[in-house]
Amino acid sequence: MTTATQEPTAIREQSEESILSVRGLETHFFTDEGIVRAVDGVDFDVKPGTTMGIVGESGCGKSITAKSILQIVEAPGRIINGEISYNPSPGERPATDILQFDANGSRMRSIRGGEISMIFQEPMTSFSSLHTFGNQIDETLRLHTNLSKQERFELGVDWLARVGIPNPTQRMHEYPFRFSGGQLQRAMIAMAMCTNPRVLIADEPTTALDVTTQAQILDLLQRMQEENDMAILFITHDLGVIAEIADEVTVMYLGKVVESGPVHNFFDDPLHPYSRALLTSIPSMFTSSRERLPSISGSIPHPLNRPPGCSFHPRCESFISGVCETREPQLDSVNEEQEVSCFLYEDR
Amino acid sequence: MTSESAQNGNGRQPLLDVRGLVKYFPIKRGFFRRTVGTVKAVDDVSFDIMSGETLSLVGESGCGKSTTARSIIRAYEPTDGEILFRTEEDESVDLAQLSLTEMRPIRRQLQMIFQDPFASLNPRMNIYEIISEPLLVHGIGTSDEREDRVAELLRLVRLRPEYMRRYPHAFSGGQRQRIGIARALALNPRLILADEPVSGLDVSVQAQVINLMMDLQDSLGLTYLFVSHDLSVVKQISNRVVVMYVGRIAEIGTPQELFDSPKHPYTAALMSSVPKPHPSQRTKRYVLEGEVANPANPPTGCYFHPRCPFATDQCKVEVPPLVESKDGRFVSCHRADEIELTTN
């Protein structure tokens, strides 16, 4: 790996209207076999009341990016660089870099699960099976509010009802195994939403669910967003879900952002060869039956064996010999709205 | 045993004709494992598959699609029903009636591709051992012949025969799934049951495996029974689709028919739930209320009636039979001919 020739990414200016700005985030895993650069210089902005979709396949670092924001990366992972500016009222106050806070300190703990909360991919494994649901939501509320025990219980019941779980009072006394997968995901949303977060991080919240339940959950998230003017960071590999709910899209590949821009631009005029290949290779309900789709050759490289230069070059259709495998492209603006990290757009 | 209803419009006989398939699982409780109830996983399912066709079973988790497939290869013992399979010798045998010894030679003609390419290959066997094992089990060929066959199969699934002595860990998910396909093809099967074969793969790799499966079908004349919850993949690969709900069939039709003009309200809800592929197509989602019925304690009448916006009193008491509608489609809904459905 040619680290000697690589210049440090210039940290771009933070946009003023963002509630969350991630700049130059690097989270590496120090394993026995070597250093895995799971997140390797990621930049993006989330505006209040909007949904930012982070798209990528396994190993692209999308979940680690989310965990880094809340500083819940598990060992041997470590955030080694970057800036995460959080600003609950953009334009009025200066933003704070929450990465400077101690992961276990009181300030980070009040943000985590309070102002910024997260819902996880596997609702079945994200709850404690030893405590009733009521106990678990009570813990969150105890940490983030000053309500009395009775008020906390009532708020819990209220939220279960709002996410559409029948018999909420009774369900507060039940253990998670009594909930179905869709109900658990809704219960998790209730738990994440009960503190009125300004930012909700949703990590593949519908991947383990059936399409009908997925539609219910997406509907619920959008309603919650409208009511609370909350920003959503929605992480998924499913471009259909992105088309349904995202306002902006950031595409990641092997720990780096390859493209970002508004959702319409992404679907109408994808710039990066990886984005274009993804969009044409995925079957949709509108491709006709028995049609052969163009496929992306090869597979995602092993994280310890990242190709030099642009890490997509071995699978890229627009590969430029002598350029793509020797130099690393940087994320740069192509027009007013879109940014891409590819040599095809270098001279623009 | 020959099938009577087998004659299809084009005169071909079905390769597989499933009639009234039932699979109940007992719920056992207590020290003496008393049976306290039954889960009606598959409850009177009938469909047929023509030779060279891809038929898909779709539905939400717990609808019985995998149980149906597994009952066909007798991984589960069917509780009731007939599974008429047309063998190489052009005889029709009822797989549900065969003893396990009688089943053995038939199993060559029925093979399975599994969902998880990381769990379905033995990590301690190399690729040659994995792919040649079915040949060994059925006592086919000498050692040299088997090696030639494995090389041929690897080329068929677009892997290099030189990789034969490598172990599964050296391969990516998509490559492993192709090894699983090569193993399934080793015995020249006539029917392949594929249970969620691309669900465990990255989206950029799915198209490779789907294209390969369609190419192999064309060149080898394979017939697929495809089980999936991913309606987009199903739409792409299938000739006909069976929509299941809580162990029963809601509707059978071509992907185009089901998507453009569903006849069963459940099909319409299912199709409408699939995300639209472009942000400009965002519409008001038709969200299906409530939860999937519990197969251990299903509602009376039509299982879908508690969630159905068109349910009448009849639906609450009477189970709708799967009948052929006016235009030759199979639907199990009392009101199939009166209601207008869209998928938007």
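**Exercises on the A–B contact and a sheet of chain B**

In this predicted model, helices α10(A) and α6(B) are oblique to each other.

**Exercise 1.** Explain why α10(A) and α6(B) are counted as oblique, and describe their crossing.

*Solution.* Begin with the axes: those of α10 (residues 273-281) of chain A and α6(B) come within 9 Å and cross at roughly 45°. Angles under 35 degrees count as roughly parallel and those from 65 to 115 as roughly perpendicular, and α10(A) and α6(B) are therefore oblique. Next comes the hand of the crossing, which is left-handed. Finally, look at the residues: Ala277(A), Leu278(A) and Ser281(A) of α10(A) meet Val203(B), Ser204(B) and Ala207(B) of α6(B), a contact with 4 nonpolar, 2 polar and no charged residues.

**Exercise 2.** Describe the side of chain B that touches chain A, and find which element gives its largest share.

*Solution.* Start with the totals, in which 37 residues of chain B are in contact with 37 residues of chain A. The elements of chain B that give two or more residues to this side are α5 (173-185), α6 (203-220), α7 (231-237), α8 (255-260) and α9 (265-273). The largest share, 7 residues, comes from α6(B). By class, the residues on this side of chain B divide into 16 nonpolar, 14 polar and 7 charged.

**Exercise 3.** Work out the strand order of the open sheet in chain B and identify its edge strands.

*Solution.* The 4 strands run in the order β2-β1-β4-β5, with antiparallel pairing. β2 (34-50) and β5 (92-94) of chain B each pair on one side only, and they are the edge strands. Between one strand and the next, the twist averages 25°. Within the sheet, β1 (residues 14-29) of chain B pairs with β2(B) over 13 bridges, and Tyr24(B) stands opposite Lys40(B) in β2(B).

Terms used:
Residues are numbered from 1 along each chain as its sequence is written. Chains are lettered from A and ligands numbered from 1 in the order in which they are written. This is a predicted model: local features need pLDDT of at least 70, side-chain atom pairs count only at pLDDT 80 or more; totals for chains, interfaces and linings use all residues. Two residues are in contact if their C-beta atoms, placed from the backbone, lie within 7 Å. Ala, Val, Leu, Ile, Met, Phe, Trp, Tyr, Cys and Pro count as nonpolar, Asp, Glu, Lys and Arg as charged, and the others, Gly among them, as polar. Axes are lines fitted to C-alpha atoms, for helices over the stretch in contact, and angles run from 0 to 180 degrees between N-to-C directions. Angles under 35 degrees count as roughly parallel, over 145 as roughly antiparallel, 65 to 115 as roughly perpendicular and the rest as oblique. A crossing is left-handed if the near helix is turned anticlockwise from the far one by less than a right angle, and right-handed if clockwise. Two strands pair if DSSP finds at least two bridges between them.
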